[in-house]
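Me: I should like to understand the reasons behind the terms applied to the aromatic rings of this protein. Please set each value against its cut-off.

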Amino acid sequence: MFISTSSPESMSRMNRFNSTVPDDEYLADSNVLFYLSDAVTQLLEHKEEYTQFGVIRYFAEYFSSVKNSNHVLFREYNYIRATPHNRASFIRVVWRCYRQIGKSGDSLSVLEYRSLLHLLCPDFPLAMVQSAARIVLMDDAIDRLMSFSDFLYALQLQFYYPEFLDSVLVIYQDLLAGKSPNTVIVPTSTSIEQLPSVAAEETDKEKQPQDGVEPSTLAQCVDALCDRFKRSHPPRSCMREVLEQTNKVSYYSFLMSLAKHETINQTIGALPSMAEFLIDPEMDQELDKLIAQISVSPGSNSSGSAVGGLKEVQRRASPRRNIHHRRKMEVESDGSTEETDSSEN
């Protein structure tokens with residue numbers, strides 16, 4: 001159900017069926033207590049609404065939505081970035097909601113992508129969108145248009161591994177300044193709130209005439225960072241592979257190669273492969289049903305069919321929203337004609 005905060009190598013060892021894993025370690029690794037705390041908080045904030053349908057049913061639906069990765073829809077930024085599972089879930093939600101942009105071949109700007117993300121997370125920060133754009137555009141003018149696939153794979157890398165990438169940036173800047181690998185300070189993490197200032201400093205450095213740093217030197221420092229880094233990071237083998245393929249490497253060219261690396265994409269588990277990026281049979285089926293409902297009665301009742309279809313899509317896409325609007329949907333599911341009657345009148 002939950003994605004571990006540890007490295008991929010340790011995930012296989014951390015499961016509830018492994019009796020050798022201490023209870024405390026499993027709870028910390030799986031973030032069970034975090035989700036339980038949030039579930040209780042949500043229950044207390046909406047006590048009168050939820051208790052009408054039973055506390056047991058509420059908890060069952062909450063954890064079912066967590067398992068199905070629908071729990072992050074319309075939640076605040078601090079929540080969607082709180083765990084690796086939440087981060088991967090949000091990226092998948094973005095892909096499912098806006099995949100049609102990729103199918104249409106449209107390219108959008110940073111502000112347009114930010115507006116789309118705000119529909120799913122009202123306080124999603126512009127700085128995170130800009131950081132993803134810098135990866136795609138190699139830190140060139142970030143007001144250029146980007147394809148949906150390029151942007152989303154870059155956003156996935158930046159959003160899932162922000163602390164690690166910030167630390168790599170600090171190392172890169174030290175190497176760019178001419179420091180010896182032995183004197184480079186290898187950080188353990190950097191606050192995501194500091195990302196805009198760090199990125200701005202990197203922008204200034206990238207504009208200076210330089211060809212990047214030695215890949216072998218950067219690989220040595222990154223390997224040392226992985227040894228002491230306590231949060232998620234891309235597989236070492238993938239980073240070594242990328243760094244072995246070039247004579248000089250800049251920070252953003254390194255990140256772009258990581259964003260396109262299929263093994264890293266599989267490790268995160270949020271997006272399909274690049275070859276299958278535009279394919280989502282389940283969502284296509286839902287859209288076909290919605291279109292069929294709209295086209296069945298093009299007359300006076302077509303708007304009602306559209307509303308009904310949209311409610312069904314929302315019900316599947318957002319169990320949490322489903323909980324918030326439980327009372328209304330329970331009435332509808334019981335076959336009440338109250339809403340229909342009022343619309344006819």
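Reply: The questions below concern ring pairs, burial and a charge over a ring. The model is predicted, so local features need pLDDT of at least 70, side-chain atom pairs count only at pLDDT 80 or more, and totals for chains, interfaces and linings use all residues. Residues are numbered from 1 along each chain as its sequence is written, and side-chain values use heavy atoms, without hydrogens or water.

Me: Why is the pair of Tyr 172 and Tyr 251 called tilted?

Reply: Rings of Phe, Tyr and Trp (its six-membered ring) pair if their centres lie within 6.5 Å; planes under 30 degrees apart are stacked, over 60 edge-to-face, and the rest tilted. The centres of Tyr 172 and Tyr 251 are 6.1 Å apart and their planes stand at 40 degrees, so the pair is tilted.

Me: What makes this pair a tie between parts of the chain?

Reply: Tyr 172 belongs to helix H11 (residues 162–176) and Tyr 251 to helix H15 (residues 251–259), so the pair joins parts 79 residues apart in sequence. Helices here are DSSP runs (H or I, at least four residues), numbered from the N terminus.

Me: How do you know that Tyr 172 counts as buried?

Reply: Buried means under 20% relative accessible area, with a 1.4 Å probe and protein chains only. Tyr 172 has 0% relative accessibility and therefore counts as buried. Tyr 251, at 4%, is buried as well.

Me: What lies over the face of Tyr 79?

Reply: Arg 75 does, at 3.7 Å from the ring centre. The rule requires NZ of Lys or CZ of Arg within 6 Å of the ring centre and within 35 degrees of the ring normal.

Technical notes:
Helices (H or I, at least four residues) and strands (E, at least two) are DSSP runs, numbered from the N terminus. Buried means under 20% relative accessible area, exposed over 50%, partly exposed in between (1.4 Å probe, protein chains only).
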